[in-house]
Every structure is written in C-alpha cells, then in structure tokens.
Amino acid sequence: MKKITMVIGSMRNGNSAFMAEAIQKTIPEITTFTLGNGINYCTGCLECDELHECVIHDRMDDILSSIISSDALIIITPVRYSLMSGDVKVFIDRLNPTAVSESIVGKDLFIIAIGQTDESEGTIQEAIDSLKMFSDNAGLNFVAGYPVFLCYASNDLKEKENDVAEIVSQLRSLLQ
C-alpha cells in the first residue's frame, strides 16, 4: 500500500467527514488532516521561493511534512458555486513552498468533490477540473476525480451507501 495523506476541506461534521471516515475504515494507513482552524493564509511574501519552506509556522507544517513523505494525496472538498471550499484554496496557496523545490512532483492525486447539484449542471465537475489544473501546474499525477451529487443536508451521503462504497473500492484498488 502506498503512503497516503488525505485532507478534508470542511471543518463541518458532514458529508466530507463521512466520506473520509468510510475511506479510513477501508484504508486505515492513511494520515488524515481536517483543514481550517490553525492554518493561516498565505501572505504572498514569496520567501518560500528562496527558502523552500514557509515562514509561517502553524498546522500546515505537519500537513506539508506528511504530503512530502507520501506517495499520494486525497483531497475531499465540498463544492459551492462550482468552486472548492475556501479551506482547500488556502491549503493550495500554502503548498507554494513545494513549487520551487518540486517536492510534490509526481505524487498521485485523487479528488472527491461533494455538492448539491445533479450531474447535468456540471458544477461539481468544474470544481474537480479546477483542482486538476492545480495538479497539472504542481506536477502532481492526477489519477481520478470523484463527483458526488445531490448532497444538500450534512448527512445525505449516509443515504448513498453504494456510491460511497464504489468510490472507496476504486480508491483502494488504485492505491495498492
């Protein structure tokens, strides 16, 4: 099994957390972080271009260390207005120290995007596409994106056991 880091882009104990728990039950070796509190915004100082590390020291230090030592990264994000969560955007901004050092180049990336819309609207896929563009720019190996539709309430994913099981099964197979 590959060494895997998973980040959950929502502090709410809802669908993203439920999906993460389902993955962890099947692949317990994953190191998991919930984004949000304790991760400061990137200030755009660009010191990391010279230092190859961020001058802001917070929870992101542990997350970066885990990602750098991992083979794969899973990002789970709620989707609103075709966008990833704000916490995921802050996380991506804070990955800037890895750009010059290329310390995440070649790592596998899996994205799970959970939203309210149905497949015909395309908004959840647009969030995945945005994260895929980040992946391409960062030199990550985008392996798969999993859109999850029609999750309005915080516990809707509990009613979609087959969808969750299928995503977890595919992830497990791809992460072997």
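In the predicted model, Asp-118 is situated in the loop that runs between strand 4 and helix 6. With a relative accessible area of 30%, Asp-118 is partly exposed, and, when neighbours within four places in sequence are left aside, its contacts are with Phe-149 and Leu-150. The C-alpha atom of Asp-118 is separated by 24 Å from that of Val-7, a residue 111 positions away along the chain.

Leu-150, one of the two contacts of Asp-118, belongs to the loop between strand 5 (141-148) and helix 7 (161-174). Its backbone has a positive phi of about 60 degrees, although Leu-150 is not a glycine. Most residues other than glycine have a negative phi. A positive value is also found at His-52, where phi is near 65 degrees in a residue that is likewise not glycine; this residue is placed in the loop between helix 2 (47-51) and helix 3. Both residues count as partly exposed, Leu-150 at 37% relative accessibility and His-52 at 38%.

Helix 3, which spans residues 60-68, has Met-60, Ile-63, Leu-64, Ser-66 and Ile-67 as buried residues. When the helix is viewed down its axis, these buried residues fall within an arc of 165 degrees, and they therefore line one face of the helix. Such an arrangement may be read against the geometry of the α-helix, in which residues three or four places apart point the same way because there are 3.6 residues a turn. The cover over the buried residues of helix 3 includes strand 1 (4-8), strand 2 (31-34) and strand 3 (72-79), together with helix 4 (86-93) and helix 5 (97-101).

Among the buried residues of helix 3 is Ser-66, for which the relative accessible area is 8%. Apart from residues up to four places away in sequence, Ser-66 touches Lys-3, Thr-5, Thr-31 and Phe-33. Of these contacts, Thr-5 falls in the range of strand 1 (4-8), while Thr-31 and Phe-33 fall in that of strand 2 (31-34). A second buried serine, Ser-85, has a relative accessible area of 12% and is found in the loop between strand 3 and helix 4. The contacts of Ser-85, again not counting residues up to four places away in sequence, are Gly-9, Thr-77 and Pro-78.

The largest nonpolar core has 27 residues, and those with the most contacts inside it are Val-7, Ile-63 and Phe-91. At least two residues of this core are supplied by each of helix 3, strand 3, helix 4, strand 4 (108-115) and helix 6 (123-138), and the largest share, five residues, comes from helix 6. Apart from this core lies another, of 25 residues, which has Ile-27, Ile-74, Val-148 and Leu-171 among its members. The presence of such cores may be set beside the tendency of nonpolar side chains to be buried together in soluble globular proteins.

Within the largest core, two of the residues with the most contacts can be described further. Val-7, leaving aside its neighbours within four places in sequence, is in contact with Phe-33, Leu-35, Ile-63, Leu-73, Ile-74, Ile-75, Ile-76 and Phe-91. Phe-91, which lies in helix 4, is buried with a relative accessible area of 1%. Beyond residues up to four places away in sequence, Phe-91 touches Val-7, Leu-35, Met-60, Ile-63, Ile-67, Leu-73 and Ile-75, so that its contacts include Met-60, Ile-63 and Ile-67 from the buried residues of helix 3. The C-alpha atoms of Phe-91 and Gly-9 are separated by 8.7 Å, although the two residues are 82 apart along the chain.

The structure also holds one cavity of 30 Å³ or more, and about 80 Å³ of space lies in the largest cavity. Its lining is made up of 13 residues, of which Cys-42, Cys-45, Cys-48, Cys-54 and Ile-56 are the closest to the cavity centre. By residue class, the lining of the largest cavity divides into seven nonpolar, three polar and three charged residues.

How values were computed:
Residues numbered from 1 in each chain as written. Predicted model: local features only at pLDDT ≥ 70, side-chain atom pairs only at ≥ 80, totals over all residues. Heavy atoms only, no water. Helix = DSSP H or I, 4+ residues; strand = E, 2+ residues; numbered from the N terminus. Buried < 20%, exposed > 50% of the residue type's maximum accessible area, 1.4 Å probe, protein only. Contact = heavy atoms within 4.5 Å. Arc of directions from axis to C-beta. Core = buried A, V, L, I, M, F, W, Y, C linked by side-chain atoms within 4.5 Å. 1 Å grid on protein atoms, 1.4 Å probe; cavity = no way out; pocket = protein on both sides within 12 Å on 5 of 7 lines; lining within 4 Å. Points joined across faces, edges and corners; volume = space filled by probe spheres on them. Nonpolar A, V, L, I, M, F, W, Y, C, P; charged D, E, K, R; others polar.
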